[in-house]
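Reader: I'd like to go through this model with you, starting with how the chains are arranged and then moving on to the empty space inside. Could you put the structure up before we begin?

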Number of protein chains: 2
Amino acid sequence: MDLDDYRVRGAGGAKLSGYEPDDNGGLERSEAEAELPGLLARMQDLQERLYAERKRSLLLILQGRDASGKDGTIKHVAGGFNPLGTHVMAFKAPNELERAHDFLWRIHHHVPPAGHVAIFNRSHYEDILVPTVEKLLPKQVVEPRYDHIRRFEELLHDSGTCVLKFFLHISKDEQRERLQERLDTPEKHWKFDPHDLRARAAWDEFTAVYQQIFLRTSSDDAPWYVIPADRKWFRNYLVARIVVRALERMDLEYPKSPPGLAGTTIV
Amino acid sequence: MDLDDYRVRGAGGAKLSGYEPDDNGGLERSEAEAELPGLLARMQDLQERLYAERKRSLLLILQGRDASGKDGTIKHVAGGFNPLGTHVMAFKAPNELERAHDFLWRIHHHVPPAGHVAIFNRSHYEDILVPTVEKLLPKQVVEPRYDHIRRFEELLHDSGTCVLKFFLHISKDEQRERLQERLDTPEKHWKFDPHDLRARAAWDEFTAVYQQIFLRTSSDDAPWYVIPADRKWFRNYLVARIVVRALERMDLEYPKSPPGLAGTTIV
């Protein structure tokens, strides 16, 4: 399985029809589930080096339709990180103070400092998606945001932040099943938002905007990955693989010892 | 084993000599380690209810000498929480802007909002400990902080935050071994701070201030627990037990369903 098959590259790669939501990468569920604990342990080990080094950081951005599994990915993959040095931020609709600033103001506040990992559950991409689909803002306000985001992510990259962006790709059928299950399970009613049905009705409009986003904001420095998400086990496995690969490529090392430490005896 | 044996109550309970750092609660290591995964699963289940309810919150405060296991407790116990809804904050020496505010300003910013869990790795108690032991501030500045802290924690309690405070209690011998191990292991040098040796030399002074803190800030609403911490497995087990008990006592329930949800079919 080539992880880069899921990385958005070029105009062709930006088409969602090129990815199967129920793709399993040719793997059996049992294989992926057997491999996951080792991947998460490796991820935590690399995170400790990142934390010890305190020079670079990691930002994971999760986007996806309602019920596509953002929360589940955080629980099952990000749950493998040491919480010391990990910050999860769930961005909701901006409040009054946030709306009184540029759209990246509240985002910037939550980017990971050196040594840390941040996970965004939704992100600045909502500030393109929602205003476009719901026609809340004129085109001349939304259109420049693609460039603003690209430059913002370049700033993060240049400052030592590894940025990985994941779109959790589910089928319309699978979404129906998951939303229906929420409705049929009283203990999951709190997860249900009637607004989800409006977003579901605008399925194709969201697809079109996501494709614009992929086309215009996927780069080597801040790549988008399209994660087949109909099968939760494959989604978790694939995200973990991509995160581990990115951390391995950072060549993280424990910092050099300060002089004079070796040979010291504590009394 | 009675968890309340480890809760600080009254003047007698505030004496550290009343607690054995290598206490194991009469448990075998294998028993505690076998029970821990179930405790953490229960903890995460209760956390989901807290998150769904979005009315109350949980604040865990970890204090303890260097190498007493604050980071380890976060990794092995707080690591059992779902990172979505969990925020770990490690407080260091205050920076210039923070010192230009009252000592609770930076702390207040990080208390958990409704539905969330926050874990403080060190806390506002450092603002009593360090200035007292190192004589950095006059007594008339430090002394009122006990009352300020008590009122601040009352505010949190009254606003629905369950506050639990843990002192990780290690022996001086065990600390020597752990610091020595850091020195003898190049991959752990980054954890070693020469300042730790100064704090070790002031062992008894810190003990005296901690005892004042226990005496004056342990209450039913924001209790201190003294956690025997020479044995890491017992430390993890005991903290997990206390957290689970506190969450159980909150009677967390999934919120009532909004009217009209039941019977809805997604198309």
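Author: Here it is, and please keep in mind that this is a predicted model. Chain B can be laid on chain A by a turn of 180° with a shift of 0.0 Å along the axis, and the RMSD of that superposition is 0.0 Å. That is the relation of a two-fold axis.

Reader: Which residue of chain B comes closest to the rotation axis?

Author: That is B:H87, whose C-alpha is 3.2 Å from the axis.

Reader: And what share of the contact residues of chain B recur in chain A?

Author: The figure is 100%, so to speak of one surface is fair, in that the same surface serves both copies. In terms of contacts, 39 residues of chain B touch 40 residues of chain A.

Reader: How much area is buried between chain B and chain A, and what do carbon and sulfur atoms give?

Author: About 3500 Å² is buried between the two chains, and carbon and sulfur atoms account for 65% of that area. On the side of chain B, the residues that lose the most area to chain A are B:L84, B:W190 and B:I266, which together make up 21% of what that side buries.

Reader: How many salt bridges does the rule find across that interface?

Author: Between chain B and chain A the rule finds zero salt bridges, although over all chains the count by this rule comes to 36. One of the pairs is A:E153 with A:K165, where the closest N and O atoms are 2.7 Å apart.

Reader: Where do A:E153 and A:K165 lie?

Author: A:E153 lies in helix α8 (residues 145-158) of chain A, while A:K165 lies in strand β4 (residues 161-169) of chain A, so the pair ties together parts that are twelve residues apart in sequence.

Reader: Changing topic to the empty space: how many cavities of 30 Å³ or more turn up in the whole structure?

Author: The search finds three cavities of that volume or more, and the largest cavity holds about 80 Å³ of space. The largest cavity is lined by 14 residues, of which A:F81, A:N82, A:P83, A:T86 and B:P83 are the closest to its centre.

Reader: Which elements supply at least two residues each to that lining?

Author: They are β2 (86-90) of chain A and β2 (86-90) of chain B, with β2(B) giving the largest share, three residues. By class, the lining of the largest cavity has eight nonpolar and six polar residues, and no charged ones.

Reader: What about the second largest cavity, what is its volume and which residues line it?

Author: The second largest cavity has a volume of about 50 Å³, and its lining includes B:L60, B:L62, B:I74, B:F166 and B:V239. The elements of chain B that give two or more residues to this lining are β1 (57-64) and α3 (70-76). The lining of the second largest cavity divides into eight nonpolar residues, one polar and no charged.

Methods:
Residues numbered from 1 in each chain as written. Chains lettered and ligands numbered in written order. Predicted model: local features only at pLDDT ≥ 70, side-chain atom pairs only at ≥ 80, totals over all residues. Heavy atoms only, no water. 1 Å grid on protein atoms, 1.4 Å probe; cavity = no way out; pocket = protein on both sides within 12 Å on 5 of 7 lines; lining within 4 Å. Points joined across faces, edges and corners; volume = space filled by probe spheres on them. Helix = DSSP H or I, 4+ residues; strand = E, 2+ residues; numbered from the N terminus. Nonpolar A, V, L, I, M, F, W, Y, C, P; charged D, E, K, R; others polar. Least-squares fit on C-alpha atoms with pLDDT ≥ 70 in both. Contact = heavy atoms within 4.5 Å. Buried area = accessible area lost by both parts, 1.4 Å probe. Salt bridge = Lys/Arg side-chain N within 4 Å of Asp/Glu carboxyl O.
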